[in-house]
Each structure stands twice: as C-alpha cells, then as structure tokens.
Amino acid sequence: MEAINDKGMTVEKYLAPLPDDKRKALQALRKMIKAAAPRADECISYGIPTFRYNGKFLVGYGAAVKHCAFYPGSTVQKMKGELKKYDIGKGTIRFAADNPLPAKLVRKMVKLRNRTARGHDCLRKISDDAAE
C-alpha cells in the first residue's frame, strides 16, 4: 500500500510529472534505497519522497530544475572523501539525471545513515561488493 501524506501526495504522484530522465533516475535511486532498507516506510515529507524507519527520517530524494538530489543527512559529511566528484551540500548530494549515483555508494550511505541514526535492524545483510 502506498503511503499518502496529509495533502494526498504519493511517491507516484511526485514522480509522474517529472521529465523522463529525472523520473527514471529517481525510480532507480528509489529501488536502490528499498533494497538497502527493505523495512523502511516510504512517505512524502516536506514535499519530497522520504524513507522513514520507526517514524524517523532515514533518507530522501527529489528533483530540481537542473539536477536530481539524494538527501542522506549527516552521512554526506562523514563520506566527503568518497563524494569529491559530486556536488554536495551539508546533507545533500546533487547529481545529473544522466549520471546517476552508483548502487554501491547508495547502499553504503543508507547503511551508514541507518547505523549512525537509528541502529541497523531495518537493513538486511547486503555485501557492499554485490553486483550493481
């Protein structure tokens, strides 16, 4: 069942009007996040698709006019060295739709985010060396 926020917005409704390239990039990112945190719940929070665990923010993602964005919170600062080729902010990674984030990086960030913020029980065991 799809999570609906109090304004009737769903993830599908958020993604539907986006240009094809951004929608496909964000759908792929969504699939990676779901694989890394299968017990996390999806919702729309602050106008963007978000994954929560035990009611608390895990990660989010969204589209802007000139880029897509992944919002893994404080893990951005902890992984700055691995993110040098990306446009980053305090808790944001911006990327072009035609240059999506690698699955291995997304898995690592979701796992780290969950471990540092919530404990690790919403994640299934995934090898970081698994095929992308």
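**Exercise 1.** Determine which side chain meets Glu42 in a salt bridge, and how the two residues differ in burial.

*Solution.* In this predicted model, local features need pLDDT of at least 70 and side-chain atom pairs count only at pLDDT 80 or more, whereas totals for chains, interfaces and linings use all residues. Residues are numbered from 1 along each chain as its sequence is written, and side-chain values use heavy atoms, with hydrogens and water left out.

Step 1: a salt bridge requires a side-chain nitrogen of Lys or Arg within 4 Å of a carboxyl oxygen of Asp or Glu, and the side chains of Glu42 and Lys34 meet in this way at 3.4 Å, N to O.

Step 2: buried means under 20% relative accessible area, exposed over 50%, and partly exposed in between (1.4 Å probe, protein chains only). Glu42 is buried, with a relative accessible area of 17%, while Lys34, at 37%, counts as partly exposed.

Step 3: salt bridges that share partners join Glu42 and Lys34 with Glu12 and Arg30 into one network.

**Exercise 2.** Identify the helices that the salt bridge between Arg30 and Glu12 ties together.

*Solution.* Step 1: the closest N and O atoms of Arg30 and Glu12 are 2.9 Å apart.

Step 2: helices (H or I, at least four residues) and strands (E, at least two) are DSSP runs, numbered from the N terminus. Because Arg30 lies in helix α2 and Glu12 in helix α1 (residues 11–15), the pair ties together parts that are 18 residues apart in sequence.

Step 3: Arg30 is buried, with a relative accessible area of 12%, and Glu12 is partly exposed at 38%.

**Exercise 3.** Describe the salt bridge between Arg23 and Asp20 with respect to its place in the helix.

*Solution.* Step 1: the N to O distance between the side chains of Arg23 and Asp20 is 2.2 Å.

Step 2: both residues belong to helix α2, where they lie three residues apart, about one turn of the helix. An α-helix has 3.6 residues a turn, so residues three or four places apart point the same way.

Step 3: Asp20 is partly exposed at 45% relative accessibility, whereas Arg23 is among the buried residues of α2.

**Exercise 4.** Classify the aromatic pair that the structure holds, and locate its partners.

*Solution.* Step 1: rings of Phe, Tyr and Trp (its six-membered ring) pair if their centres lie within 6.5 Å, and planes under 30 degrees apart count as stacked, over 60 as edge-to-face and the rest as tilted.

Step 2: the structure holds one aromatic pair. Phe51 and Tyr61 form this tilted pair, 6.5 Å centre to centre with 35° between the planes.

Step 3: Phe51 lies in strand β2 (residues 48–53) and Tyr61 in strand β3 (residues 56–63). Phe51 is buried at 1% relative accessible area, and Tyr61 is buried at 0%.
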